[in-house]
Amino acid sequence: LIPAWVLADLSYTAIRNSNDHRSQKPSFEDVYRLVNMSSNVSRELAAKRKEEIAKEDMKLHILLGLSQKQFWYQEITRGGNLYYNFLRYFILLSEIPMAHFQHHKQPSDDLLELTGFDIKSFAQLQMAGCAWLQESSSMSFKVTDDVREMYPILTEENLASCIGHFTGDYNYYRVSSFPNNPLFFKPIIKTSTNKFIISNAFIWARKFYEGIYWLIRDKYMKLQSQAFINNFGEYYEKYIEELLGFYLKPSNYGRVKAGGRRKADWLIHTDQYILIVEQKSCLMTISLKEEYPSLAQLDKYLNNFKEAYMQIADTVKDLGITTKTIIKLILHFEKFYLGEALIKERVSTLYRDEIPELSNYFFIDTEEFEKLMQVLSEDEGTFNKIIETKIEYEDSVPISEGREFNHIIAKLSQTGEIKFLENRKHLFDRLFDEY
């Protein structure tokens, strides 16, 4: 009866307004009544926000809030997403920095300072802790001698220490001043009777793959430093370089030569198209991932994509005349969950004077780009059909029918496994198998 996103809010509300000293267990009727009361509060908040938001911004405001609050729940376990998301973050934070950026402070070293564990050890403990908490509400971990002998990292103390970074007691949630539900930061609740509850398994699953990123990023935010965010952008560029090298021949892609000006990142040549790709690794702030987000914060975030438009436009000028159709891709690391048409509409409204035309500009997220390059490597005819359909859908198909690359790729191709990530499967398996 309760959607996952409502359950998170209900848990947070219950913690702020009650305690668990009584032994009485709520009845079904109690919970049902509480859900109805919560729904009434949501309706009142929605009515209040309606009065505060300009009429022309209402559609975007509602859909932005719904998408960031709700839609990711539907994606998190779809088609291996949990596994693939873990691999992306692990490659970006562990494999790529160690292989290509030894001059950077390693994310693994940052995590070691924060938690006492390097990235590999922390990931092992997260996986074991996740499995444990599926079976038990106790943090009194009991690790048998044979398990400890096989996996020395798995001690009771280490498991408790790892899980502690995602655990909050009642006081943590009651005094929190975060702009979003603090369960999204610490989804494991320690009750006043020393039991541990995960009231929303989806949020804990999300922490499994992005928790390390946010621990490190928060460290640098407290230091008021951009160093980690800047480095992560370089790691993402190298990730896409390795992706292109995996799927395409060297003659079919290359970096754009800057020539003293800011340009796009990549050119990809096919028989019919030239793809100009500009990467953006920025993630939405937590204040945008709530039911009633700030449009001012959204506009600040979208400024990153204004820059991408300009860089691609400069690259188009330098290409000169070509007989091929130019496709302009703004590749963003994080999935939007919000219709591309709404994002483009907002960008064009904000920067009407600076961005005169938007034809053949498309947003594409990392997963979509992985799949699109896989299709290109396997069947250029299907790739061409996907691009043709994308162009055709731009103005002729209602937003509700799905104009995004993911919908079109799923409709026109048989892409299932992402081969680039399956090729790195050993990174996941090696967490335990190498002992």
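**Figure 1. Glutamate 394 in helix α15 of the predicted model.** Helix α15 covers residues 380-396, and glutamate 394 is part of it. The side chain carries a charge type counted as negative, yet the residue is buried, because its relative accessibility is 18% and the cut-off for buried is under 20%. Which residues does glutamate 394 contact, leaving aside its neighbours within four places in sequence? They are Lys344, Phe362 and Arg403. Lysine 25 is a partner for a distance reading: 369 residues separate it from glutamate 394 along the chain. Their C-alpha atoms are separated by 54 Å.

**Figure 2. Glutamate 370 in helix α14.** This view shows another glutamate, placed in the helix of residues 366-378. Is glutamate 370 buried or exposed? Its relative accessibility is 0%, so glutamate 370 counts as buried. Residues up to four places away in sequence are set aside for the contact list. Beyond them, glutamate 370 touches Arg88, Tyr239 and Tyr247. It also touches Leu243, Ile418 and Leu421.

**Figure 3. Helix α5 and its buried residues.** Helix α5 runs over residues 107-115. Which of its residues are buried? They are Pro107, Ser108, Asp110, Leu111 and Thr115. These residues lie on the same side of α5, because they cover an arc of only 155° around the axis. Glycine 116 comes just after α5. Its phi is positive, at about 90°.

**Figure 4. Asparagine 194 in a loop between two strands.** Strand β2 takes in residues 188-190, and strand β3 takes in 196-198. Asparagine 194 sits in the loop that lies between them. Its phi is near 60°. That is a positive value in a residue other than glycine. Most residues other than glycine have a negative phi. Asparagine 194 has a relative accessible area of 52%, so it is exposed; the cut-off for exposed is over 50%.

**Figure 5. Glutamine 224 in a loop between two helices.** The flanking helices are α10, residues 201-222, and α11, residues 227-247. What is the phi of glutamine 224? It is positive, about 55°, although glutamine 224 is not a glycine. The residue is exposed, because its relative accessible area is 76%.

**Figure 6. Serine 94 in helix α4.** Helix α4 spans residues 81-100 and includes serine 94. Serine 94 counts as buried because its relative accessibility is 7%. How far apart in space are serine 94 and alanine 341? The answer is 35 Å, C-alpha to C-alpha. In sequence they are 247 residues apart.

**Figure 7. Alanine 410 in helix α16.** Residues 405-412 form helix α16, where alanine 410 is found. Alanine 410 counts as exposed, because its relative accessibility is 59%. Aspartate 118 is 292 residues away from alanine 410 in sequence. In space the two are 38 Å apart, C-alpha to C-alpha.

**Figure 8. The whole protein chain as a setting for the close-ups.** The secondary structure comes to 18 helices and eight strands. Along the principal axes, the C-alpha trace spans about 75 × 60 × 45 Å. The radius of gyration is 23 Å; this agrees with a compact globule of 435 residues, which would have a value near 22 Å. What share of the 435 residues is buried? Buried residues make up 50%. Among contacts with a separation of 6 or more, 71% come from residues 24 or more positions apart. The accessible surface is about 21,600 Å², and 52% of it belongs to carbon and sulfur atoms. The chain has 53 positive and 61 negative side chains. The centres of these two sets lie 3 Å apart.

Definitions and conventions:
Residues numbered from 1 in each chain as written. Predicted model: local features only at pLDDT ≥ 70, side-chain atom pairs only at ≥ 80, totals over all residues. Heavy atoms only, no water. Helix = DSSP H or I, 4+ residues; strand = E, 2+ residues; numbered from the N terminus. Rg over C-alpha atoms; globule rule 2.2 N^0.38 Å. Buried < 20%, exposed > 50% of the residue type's maximum accessible area, 1.4 Å probe, protein only. Contact = heavy atoms within 4.5 Å. Areas by Shrake-Rupley, 256 points an atom, 1.4 Å probe, with all protein chains shown as cover. Charge placed at Lys NZ, Arg CZ, Asp CG, Glu CD. Arc of directions from axis to C-beta.
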